[in-house]
Amino acid sequence: MTIADQLPVLPIILPLVLAPFAILLRNGRAAHVFAVVVCGAAFAFCAMLLARVTAEGVISYALGDWAPPIGIEYRVDLANALVMLLVSGVATLAAAFSYASIRTEIDDRQLPLFYAAFMICMTGLLGVTVTGDAFNVFVFLEISSLSTYALVALGARVDRRALTAAFNYLVMGTLGATFFVIGLGLIYQATGTLNMADIRAQLSAGPPGAMPNSMVEAAFAFILVGMGLKAAAFPMHLWMPNAYAYAPSAVSAFIAAASTKVAVYVLIRFTFTIFGSDFDFIDAMLTYVLTPIALAGMFFASIVAVFQEDVKRMLAYSSVGQIGYMLLGISFGTEAGLQASLIHIFNHGLMKSALFMAVACVMLRLGVHTCSGFHGLTKRMPFTAAAFIFSGLSLVGVPLTVGFVSKWYLLQAAFDAGRPWAGFLIVASSLIAVVYVGRVIELILLRDPPSEGLLANDVDGNPVREAPLSMLIPMWVLVGANIYFGLRTDLTAEIAGRAAAALMGGAQ
Amino acid sequence: MRDEHLILRVVMKVLFAPIILFAFYVQFHGDYGPGGGFQAGVIFAVAFILHGLIYGVAATKRAMPQGVLSALMSIGLLLYTGTGALTMLLGRNLLAYDALAPNSTHHAGQHWGILIVEFGVGMTVAATMLTIFYHFSSREPEIRDEDW
Amino acid sequence: MDPLQFIIDRYNYWIFIVLMMIGLYTVIARGNLIKKIIGLNIFQTSVFIYYISIGKITGGTAPIYTTAHQEKLFGHGESHERESHDGEGHGGGHGDQSHGPEAAGHESDDGHGEDASTDHAAEPLHAGASNDAAALTAGAGEAPHGAPGDIHAGAPNPPDALTGGDPATTEALGLTINPDLVEPIYSNPLPHVLILTAIVVGVATTAVGLALAVRIREAYGTIEEDELEDADNIAEFGVADPRDREPPPGGKGERPDGPPRGAKLAGDRLSTRLGRGGAS
């Protein structure tokens with residue numbers, strides 16, 4: 001048995017086994033290097049996994065040699081390989097990025113613990129994505145959530161509101177996870193199995209009219225609410241702006257890109273792989289529940305973002321709006337819509353992470369993440385400013401960036417699905433994004449840096465310098481990815497297209 | 001002043017060893033009946049928590065220092081995940097404990113695997129429970145970073 | 001159908017629903033952070049009870065093979081390749097014949113209540129004899145497992161009990177080897193295993209939540225939600241009234257009155273740095 005056979009499990013087991021070593025290292029610098037290496041290895045495995053799935057198709061891995069549906073199965077297809085690549089890639093870059101930023105925000109002695117929690121968080125998110133067992137999703141989801149609560153609370157040293165933000169996140173996240181578990185219990189009671197493919201088979205089999213019964217529908221409702229809470233879908237997003245705003249900067253850059261996207265992925269997986277749009281109630285749900293949620297999120301959250309004084313909060317609200325785009329793609333219930341959603345999950349991860357990294361650079365030098373720190377940034381921190389502008393344009397959806405690709409496919413899907421009005425609404429809400437991104441870009445480009453007051457100098461009282469290379473390089477790798485995948489649209493679009501076809505294929 | 005709790009202290013002294021013994025019983029009997037690492041770990045920690053409640057946390061910390069607990073936590077987790085990973089090194093899937101005793105006709109590897117994993121779980125749980133107890137009981141009004 | 005009977009038959013669901021609502025109400029309505037955590041725990045516990053009750057089968061016992069049953073069931077221990085989760089260490093593992101009798105004797109020797117029901121699997125289960133589930137269903141006219149809405153309604157049989165009723169699983173387990181076997185009836189262990197995991201997760205969540213509450217108490221001096229909000233508002237805007245919380249619409253710069261928020265944060269940051277005495 002070679003390494004290739006173990007590929008599905010390696011990105012999960014490697015950080016999980018090695019995270020305790022980070023605690024034993026007791027040295028922040030060493031733990032940082034260690035975390036980057038481990039996350040990088042996980043990323044390499046995920047890339048190999050994606051390559052292999054692209055070439056050979058679905059990979060199934062039976063844990064402990066217990067064959068599915070009895071044992072836990074890891075099942076990798078294109079959809080989760082793509083999400084895994086995003087999560088591990090952003091984790092690697094965020095880990096590399098984090099050191100200079102995080103050590104000014106938390107105590108040095110906490111650094112090994114921080115990196116251990118970081119790795120476990122990544123493990124959890126990857127595990128949620130890779131597993132083919134419904135209950136395993138819950139376990140990994142809680143692994144990642146618990147470490148995320150701790151990571152968010154670490155921001156308390158800079159701003160004590162991180163504590164209340166983490167507490168609210170914990171309450172909401174636990175409610176969401178418990179709703180999810182209730183849904184799983186109902187599914188298990190109805191089908192007698194927890195393997196996703198097997199649930200699907202059990203739901204499709206049986207005498208006509210036996211499935212889905214009201215129990216299965218209730219199960220789906222619980223799962224929808226649970227994952228909606230975890231994904232911060234519009235009316236359930238209240239935990240998110242504070243959690244993202246007051247978490248340590250590097251943590252925001254990672255969880256904003258990864259954690260909600262994984263929850264959206266789980267929603268896709270349950271909607272299409274397990275239930276499938278051939279069930280009437282799924283169709284009704286997509287049309288009458290998910291579409292309003294998506295549209296409301298796109299508009300309300302974006303409008304709220306316009307009025308935020310704190311750039312991190314603004315980006316968090318913008319994330320709620322962007323989750324709306326993903327849900328809108330799902331709500332079309334078509335292959336094109338699903339493809340657009342998957343593309344946007346990937347692309348939004350790239351742009352949001354880059355934006356939060358730029359804010360982290362400002363935070364490092366000026367000690368603030370409000371708009372006032374961005375005045376005349378081009379004159380003080382040109383590379384950071386340029387990174388913010390490029391990824392901000394990507395968020396708006398300017399051509400040649402990934403944001404444009406997302407919006408383009410989303411628009412196409414809207415017109416294909418016979419909902420041209422949705423297309424117009426997408427454009428309209430993008431215009432709101434122009435306002436909130438443009439507001440900050442105007443400050444960066446057109447204002448003069450303050451010449452007096454606290455923000456005239458950096459936190460140590462010296463003239464403001466550019467962020468260190470260790471932060472600039474990961475940030476610009478992400479900005480580069482924003483542009484690269486904006487030009488090479490065929491890469492993501494093809495993978496997402498095939499993944500969407502496979503997901504919808506499960507429905508027939 | 002300590003004499004005020006004479007009964008508690010005597011009862012504690014009598015109970016301490018049986019609780020630990022019971023923890024090990026639950027730990028290793030978990031292979032055959034109800035029990036296992038999680039329950040055993042909690043019971044094990046209970047003995048020390050009881051000790052801390054009656055003799056004071058400082059005394060318990062002398063008996064079981066925080067540094068040891070941190071190491072136990074990490075090592076337990078390593079045992080737990082390492083056993084699973086070991087089966088990969090032995091050429092089977094993750095957690096395929098049969099690889100530990102490939103020639104056995106009656107799945108002795110499963111026996112060994114579960115035994116080691118549960119031991120790791122017990123270690124981690126006991127250390128974590130005690131750590132949580134230490135941290136909650138010995139917090140100072142002002143935040144000291146090493147406590148967090 | 002007699003509506004009263006309908007309600008009584010599903011009493012485990014009513015317990016679940018009532019507890020769940022109490023928990024949710026506590027989480028939402030109480031401002032005290034500790035009470036919120038208590039509510040969260042009640043909410044989670046209701047789900048645990050729900051899971052446990054769906055795994056329970058009237059007359060079923062804890063799923064632990066005794067040697068006698070195992071021989072009856074499989075003929076000999078090595079005849080099957082795979083064992084379900086629940087059988088781990090008892091079926092496949094327990095096939096170790098030299099250990100079997102010893103273990104069985106061990107079990108019947110020990111006097112602990114938790115084992116009392118496990119070694120006399122054929123006996124009907126008495127309330128209080130099993131770990132958790134018996135109290136819920138003992139005396140029930142109908143097992144929750146057989147409630148309408150469950151596609152596997154009907155009299156539970158042993159394979160169903162082990163696999164949750166999935167016929168494919170049953171076959172894969174080879175449990176139909178001896179169809180004459182009617183005893184013992186096992187409760188479905190899988191929901192119990194699942195919920196054990198969920199309980200561990202719940203314990204971890206509670207610990208993190210309480211730790212955060214302690215930190216919040218230290219940072220703010222209170223754990224009442226409205227007081228926390230006031231404290232944040234006062235720190236940010238100098239007033240506790242929520243109506244003054246929003247900055248002026250479209251305002252890009254700082255508020256004219258009071259120190260700019262950024263400056264305050266920067267001040268915190270500076271003091272943090274100074275307090276650390278050049279640790280960076």
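Over which residues of chain C does pLDDT stay under 50? The stretch is residues 75-177, and the model still gives it 202 contacts beyond four places in sequence. Keep that in mind from the start, as this is a predicted model. For the complex, the predictor reports an ipTM of 0.89 and a pTM of 0.81.

**Confidence, chain by chain**

- Chain A comes with an average pLDDT of 89, and 97% of its residues score at least 70.
- Within chain A, the highest mean pLDDT of any element goes to helix α5 (residues 134-153), at 94. The lowest goes to helix α7 (residues 196-204), at 86.
- Chain C has a mean pLDDT of 61, with 42% of its residues reaching 70 or more.
- Besides residues 75-177, chain C also has pLDDT below 50 over residues 244-280. That second stretch makes 62 contacts in the model beyond near neighbours in sequence.
- Where pLDDT is low, the predicted coordinates should not be read in detail. So go easy on the contact counts for residues 75-177 of chain C.

**Chain B: fold and outline**

- Chain B is built from five helices and zero strands, so to read along its sequence is to read α-α-α-α-α.
- Its 148 residues have a radius of gyration of 19 Å, whereas a compact globule of that length would come in near 15 Å.
- Along the principal axes, the C-alpha atoms of chain B take up a box of roughly 65 × 35 × 20 Å.
- In chain B, 45% of the 148 residues count as buried.
- Take the chain B contacts between residues at least 6 apart in sequence: 60% of them join residues at least 24 apart.
- The accessible surface of chain B is about 7300 Å², and carbon and sulfur atoms own 71% of that.

**A close-up in chain B: B:T131**

- B:T131 sits in helix α5 (residues 108-137) of chain B.
- Is B:T131 buried or exposed? B:T131 is buried, because its relative accessible area of 10% falls under the 20% cut-off.
- Setting aside neighbours within four places in sequence, B:T131 is in contact with B:Q66, B:L69 and B:M73.

**Chain C: fold and surface**

- Chain C has eleven helices and zero strands, and its elements run α-α-α-α-α-α-α-α-α-α-α from the N terminus on.
- Of the 280 residues in chain C, 46% are buried.
- For chain C contacts with a separation of 6 or more, 64% come from residues 24 or more positions apart.
- Chain C exposes about 12900 Å², with 60% of it supplied by carbon and sulfur atoms.

**Nonpolar cores**

- The largest nonpolar core has 252 residues, and A:F138, A:F254, A:F270 and A:F275 are the ones with the most contacts inside it.
- A second, separate core has 16 residues, including B:I19, B:A45, B:M64 and B:A127.
- Which residues does A:F275 contact, leaving aside neighbours within four places in sequence? The list is A:I187, A:R200, A:L203, A:V216, A:F220, A:F270, A:F281 and A:I282.

**Two buried spots in chain A**

- A:L78 is found in helix α3 (residues 78-105) of chain A. With a relative accessible area of 8%, which is under 20%, A:L78 counts as buried.
- Not counting residues up to four places away in sequence, A:L78 touches A:L50, A:V53, A:T54, A:I495, A:R498 and A:A499.
- The C-alpha atoms of A:L78 and A:G127 are 15 Å apart, with their positions 49 residues apart along the chain.
- A:V459 lies in the loop between α17 (420-446) and α18 (469-487) of chain A. Although it is in a loop, A:V459 is buried, with a relative accessible area of 6%.
- A:V459 and A:V368 are 91 residues apart in sequence, and their C-alpha atoms are separated by 9.3 Å.

**Where chains A and B meet**

- How many residues does each chain bring to the contact? Chain A brings 24 residues and chain B brings 17 residues.
- Chains A and B bury about 1900 Å² between them, and 61% of that is on carbon and sulfur atoms.
- On the chain A side, A:P20, A:D65 and A:Q110 lose the most area to chain B, together 21% of what that side buries.

Note on methods:
Residues are numbered from 1 along each chain as its sequence is written. Chains are lettered from A and ligands numbered from 1 in the order in which they are written. This is a predicted model: local features need pLDDT of at least 70, side-chain atom pairs count only at pLDDT 80 or more; totals for chains, interfaces and linings use all residues. Side-chain values use heavy atoms; hydrogens and water are left out. Helices (H or I, at least four residues) and strands (E, at least two) are DSSP runs, numbered from the N terminus. Buried means under 20% relative accessible area, exposed over 50%, partly exposed in between (1.4 Å probe, protein chains only). Contact means heavy atoms within 4.5 Å. pLDDT is the predictor's confidence in each residue, from 0 to 100. A nonpolar core is a set of buried Ala, Val, Leu, Ile, Met, Phe, Trp, Tyr and Cys residues joined through side-chain atoms within 4.5 Å. The radius of gyration is taken over C-alpha atoms; the globule rule is 2.2 Å times the number of residues to the power 0.38. Accessible areas come from the Shrake-Rupley method with a 1.4 Å probe; for residues, only the protein chains shown count as cover. Buried area is the accessible area (1.4 Å probe) that two parts lose on being put together, summed over both.
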